[in-house]
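Here are some exercises to try with the structure open in your viewer. Have a go at each task before you read on to its solution.

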There are 2 protein chains.
Amino acid sequence: MSQPRPILYTYFRSSCSARVRIALNYKGIDYDSRAVNLVKGEHTSDDYTELNPGKLLPYLVIDGEGLSQSVAIMEYLDEVYPDKPLLPQDPGQRAKVRAIVNAISCDIQPLQNMRVLLTLPEEQRAEYACKIISTGLAVVERMLEKTAGDFCVGNQVTMADCCLIPQLYNAHRFNVDLSAMPHIRAIEERANALEAFRCAHWSRQPDCPDDLRSSAKN
Amino acid sequence: MSQPRPILYTYFRSSCSARVRIALNYKGIDYDSRAVNLVKGEHTSDDYTELNPGKLLPYLVIDGEGLSQSVAIMEYLDEVYPDKPLLPQDPGQRAKVRAIVNAISCDIQPLQNMRVLLTLPEEQRAEYACKIISTGLAVVERMLEKTAGDFCVGNQVTMADCCLIPQLYNAHRFNVDLSAMPHIRAIEERANALEAFRCAHWSRQPDCPDDLRSSAKN
């Protein structure tokens, strides 16, 4: 009994959606996309709220399950689709990966997302986001000093890289200075050489407007 | 070769520390506590920053590993100390637990912690925290409608309960109205009947000042 293709509810600018796009690409899991425009408020529609009461992205329908929360989704994918693992075998190393995942998913992303920025006066938003991301990435850089090889933890791609690279989209958007973060810059370069990461980039999504797409660097 | 007793760096009021206190208690892992007073800024000392560059709590030294980030720590404990599991066996159910964990650890706690509240004028802090927690717990309540048994997911304690109960300490502190959240209230009552949760309560920690301890309800 073959399952239907997975469906990912996503928005091109959503860094949490990008985490899951990378994980799906990396594992070679084909999926269909449904764009949910956060700026137009499509995530607050009755239909979407029924699907995902958190009114957040991403949401993945796979194997008959409806899954919310990007980190929970990556953990699920790694358990059910173990090829191309996103976690090392050793529990201590797994904890290091998850610590970086959480340093981004709990301590950076939630404090600089649109929901928070919209509570600030417009002229303060960019500066606030820049400060949050700079401070948070400086912590990640210090963690990477102890854990990084070619990627965040050792020489294989893990969930930590799936979280770091989309956070860097936002870092570039808000002109965060990464010059004192050599590990982060080296990992970004290596990740962007991989098709799984390149195809997940916001500028490559079908719902990215053409004018933004043409302005994309990274 | 027996390992030394685990050491948990903790603060009585830190809800992230409480998650790990509950997990350790539930699994019957004895540990020593080192209090780090967040209000006095002890987490920003050179010694602590060297240990944990994130300058956050908790931090657990166990099995020769130094582990940061409460959710990563709980995952480690569940992998290395599998008795009294904090995740179900089925991947879909595990994803539901982790979705609730993340709905709290990414979407509620970071937006109402001291670091954020201190950026607001003092007279606005309680109202802001109350609103963040109310909104976030309303989402969790809707998730629980589909997943709860005696506890957040099914009838066994999971990481989701280890996150929910400490978030409720903060809900009570900021007078969040839980009357429309019957699942949350029922789970709180069942959890508080368990020694693992009771002993992890902020009022039971050695670093809790006596005047606060005597005012504690739950």
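The exercises below deal with a predicted model, and each one comes with a worked solution.

**Exercise 1. Sort out the two annotated domains of chain A.**

Task: work out which stretches of chain A the UniProt annotations cover, and what secondary structure each stretch holds.

Solution. Start with the record. An unreviewed UniProt entry puts "domain: GST N-terminal" on residues 4-85 of chain A. The annotation "domain: GST C-terminal", also from an unreviewed entry, covers residues 90-210 of chain A.

Next, look at the secondary structure. Residues 4-85 of chain A are 37% helix and 20% strand. Residues 90-210 of chain A come out at 68% helix and 0% strand.

Finally, check the ends. For residues 4-85 of chain A, the end C-alpha atoms are 23 Å apart. For residues 90-210 of chain A, that separation is 44 Å.

**Exercise 2. Hunt for disulfides.**

Task: find how many disulfides there are over all chains, and explain the result for Cys163(A) and Cys106(B).

Solution. A disulfide is a covalent bond between the sulfur atoms of two cysteines. The cut-off to apply is 2.5 Å between the sulfurs.

Take Cys163(A) to begin with. Its closest cysteine sulfur belongs to Cys162(A), and the gap is 6.8 Å, so the two are too far apart for a bond. Cys163(A) is buried, at 1% relative accessible area.

Now go to Cys106(B). The closest cysteine sulfur sits in Cys106(A), 3.8 Å away, which means this pair is also too far apart for a bond. Cys106(B) is buried too, with a relative accessible area of 6%.

The final tally over all chains is zero disulfides.

**Exercise 3. Map the interface between chain A and chain B.**

Task: describe how much of each chain takes part, and which elements of chain A do the touching.

Solution. Count residues before anything else: 38 residues of chain A are in contact with 38 residues of chain B. The area buried between the two chains is about 3,200 Å², and carbon and sulfur atoms give 54% of that. Pro53(A), Gln69(A) and Arg142(A) supply 16% of the area that chain A buries against chain B, more than any other three residues.

Then tally the polar side of things. There are ten salt bridges between chain A and chain B, and nine residue pairs are in polar contact across the interface, both residues at pLDDT 80 or more. Elements that give two or more residues to chain A's side include strand S4 (65-68), helix H3 (70-80) and helix H7 (122-147) of chain A. H4(A) gives the largest share of that side, with ten residues.

**Exercise 4. Follow Glu75 and Arg94 at the interface.**

Task: place Glu75(B) and Arg94(B) in their helices, then list what they touch.

Solution. Glu75(B) is part of helix H3 of chain B, residues 70-80, and counts as buried at 3% relative accessibility. Setting aside residues up to four places away in sequence, Glu75(B) touches Glu75(A) and Arg98(A) from chain A, plus Leu87(B), Arg98(B) and Met159(B). Along the chain, Glu75(B) is eleven residues from Leu86(B), and their C-alpha atoms are 8.3 Å apart.

Glu75(A) has a partner to look for as well: its side chain forms a salt bridge with that of Arg98(B), at 3.6 Å from N to O.

Arg94(B) belongs to helix H4 of chain B, residues 91-105. This arginine is buried, at 18% relative accessible area. Not counting neighbours within four places in sequence, Arg94(B) contacts Glu79(A) across the interface, along with Leu87(B), Pro88(B) and Gln89(B) in chain B.

**Exercise 5. Compare notes on two helix residues of chain A.**

Task: say where Thr147(A) and Pro166(A) lie, whether each is buried or exposed, and what surrounds them.

Solution. Thr147(A) is in helix H7 of chain A and is buried, at 12% relative accessible area. A polar atom of the Thr147(A) side chain lies 3.3 Å from the backbone oxygen of Met143(A). Beyond four places in sequence, Thr147(A) touches Lys96(A), Ile100(A), Cys152(A), Val153(A) and Gly154(A).

Pro166(A) sits in helix H8 of chain A, residues 159-173, and is buried with a relative accessible area of 0%. Leaving out neighbours within four places, its contacts are Ser15(A), Ala18(A), Arg19(A), Ile22(A) and Asp161(A). For a longer reach, try Gly54(A): 112 residues away along the chain, its C-alpha is 21 Å from that of Pro166(A).

How values were computed
Residues are numbered from 1 along each chain as its sequence is written. Chains are lettered from A and ligands numbered from 1 in the order in which they are written. This is a predicted model: local features need pLDDT of at least 70, side-chain atom pairs count only at pLDDT 80 or more; totals for chains, interfaces and linings use all residues. Side-chain values use heavy atoms; hydrogens and water are left out. Buried means under 20% relative accessible area, exposed over 50%, partly exposed in between (1.4 Å probe, protein chains only). Helices (H or I, at least four residues) and strands (E, at least two) are DSSP runs, numbered from the N terminus. Contact means heavy atoms within 4.5 Å. UniProt positions are given in the numbering used here, feature names are shortened, and annotations may be inferred rather than shown by experiment. Buried area is the accessible area (1.4 Å probe) that two parts lose on being put together, summed over both. A salt bridge is a side-chain nitrogen of Lys or Arg within 4 Å of a carboxyl oxygen of Asp or Glu. A polar contact is a pair of N or O atoms within 3.5 Å; within protein, one must be able to donate a hydrogen and the other to accept it, and residues adjacent in sequence count only if both atoms are side-chain atoms.
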